[in-house]
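Me: I'm new to this structure and would like to know where its labels come from. Could you take me through a few of them?

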Amino acid sequence: MKAAGKKRGGNPNPWADHYTRRARREHYAARSVFKLQEIQKKYGLMRPGQRVLDLGCAPGSWLQYAARVVGPRGRVVGLDLRPVTCSLPSQARALTGDINDLDDDLRAALGGGFHVVLSDMAPATTGSRIVDAARSYQLCEMALDTAGRLLQPGGAFVCKIFQGGDFDAFRAQVQRCFDSCRIFKPRSSRKASREIYLIGLGKRQEEICPDTASGQP
Ligand SMILES: C[S@@+](CC[C@H](N)C(=O)[O-])C[C@H]1O[C@@H](n2cnc3c(N)ncnc32)[C@H](O)[C@@H]1O
């Protein structure tokens with residue numbers, strides 16, 4: 001039997017595995033960093049000096065990793081319902097807010113002209129696969145809508161989705177907005193998890209990308 005890891009505060013974490021321990025050793029805020037690292041190794045989406053938007057950024061490991069890749073001349077902006085408390089380098093910034101309810105101040109703070117939009121957003125799970133997948137799909141639509149507005153032509157999009165009845169519809173939406181769409185399950189994603197990543201490469205001009213929020217082409 002694997003030894004359980006320790007959460008900060010001393011409670012055992014029954015989900016801890018070697019990725020959890022490695023994340024702690026390497027001073028990342030979460031084991032999810034290795035999913036982005038695998039995506040980056042395979043597709044090379046982020047480059048030094050680029051601007052990256054990270055939706056669903058708490059507790060902050062993707063922000064930490066993306067900031068390292070883009071370097072001091074790049075910029076990484078994150079958004080999450082929860083505040084990010086880990087330390088970040090000066091090129092990374094985390095905003096607190098709901099992607100479903102962005103006011104003008106938050107929109108202005110997010111900025112635009114991103115080279116890469118990442119979304120690792122996930123709903124609070126309910127135990128019902130159908131409900132969880134439907135909520136994940138709604139977040140994915142918001143992420144794609146945001147990428148449609150804030151991503152530069154030619155830019156890349158990474159989006160976590162819980163596989164369910166809406167998966168094919170969402171993949172078709174990504175295919176319409178990008179020159180190509182790949183499906184990727186990182187090795188560091190738990191086997192039992194229904195999560196998978198859709199990767200859009202080469203964002204097309206905005207007029208080709210459908211308005212996903214309204215469902216209108
Ligand atoms: C799996 S975690 C992201 C982990 C992060 N990539 C990291 O490496 O630290 C999913 C995040 O999505 C956020 N989230 C869920 N719904 C959201 C919404 N409506 N707006 C913004 N963030 C949301 C959650 O608060 C949660 O922190």
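Me: What makes the largest nonpolar core a core, and which residues have the most contacts inside it?

Reply: Keep in mind that this is a predicted model. A nonpolar core is a set of buried nonpolar residues joined through C-beta atoms within 7 Å. The largest such set here has 51 residues, and Val 52, Leu 63, Ala 66, Phe 157 and Cys 159 have the most contacts inside it. Strand β7 (residues 151-162) gives the largest share of this core, seven residues. As general background, nonpolar side chains in soluble globular proteins tend to be buried together.

Me: What is Cys 159 in contact with, leaving aside its neighbours within four places in sequence?

Reply: Its partners are Ser 119, Cys 140, Ala 143, Leu 144, Tyr 197 and Leu 198. For each of these pairs, the word "contact" applies because the two C-beta atoms lie within 7 Å.

Me: Why is Gly 148 called buried?

Reply: Buried calls for 20 or more other C-beta atoms within 10 Å. Gly 148 has 21, so the residue counts as buried. You will find Gly 148 in helix α5 (residues 129-150). Its C-alpha is 9.1 Å from that of Arg 204, although the two residues are 56 apart in sequence.

Me: And why does His 27 count as exposed?

Reply: Here the cut-off is 12 or fewer. His 27 has 10 C-beta neighbours inside 10 Å, so this residue counts as exposed. His 27 sits in the loop between α1 and α2, and its phi near 65 degrees is a positive value in a residue other than glycine.

Me: Which residues of helix α2 are buried, and what covers them?

Reply: In α2 (residues 33-43), the buried ones are Val 33, Phe 34, Lys 35, Leu 36 and Ile 39. Their cover includes α1 (18-25), α3, β7, β8 (178-184) and β9 (195-203). Just after this helix, Gly 44 has a positive phi of about 55 degrees.

Me: How do you know which residues surround the ligand?

Reply: A residue is near the ligand if its C-beta atom lies within 6 Å of it. By that test 23 residues surround the ligand, and the closest are Ser 32, Gly 56, Ser 61, Ile 99 and Asp 120. The elements giving two or more residues to this shell are α3 (61-70) and β4 (75-80). By class, the shell has 14 nonpolar, five polar and four charged residues.

Me: Where is the cis peptide bond?

Reply: Look from Ala 58 to Pro 59, where omega is near 5 degrees. Pro 59 belongs to the loop between β3 (51-55) and α3.

Definitions and conventions:
Residues numbered from 1 in each chain as written. Predicted model: local features only at pLDDT ≥ 70, side-chain atom pairs only at ≥ 80, totals over all residues. Helix = DSSP H or I, 4+ residues; strand = E, 2+ residues; numbered from the N terminus. Nonpolar A, V, L, I, M, F, W, Y, C, P; charged D, E, K, R; others polar.
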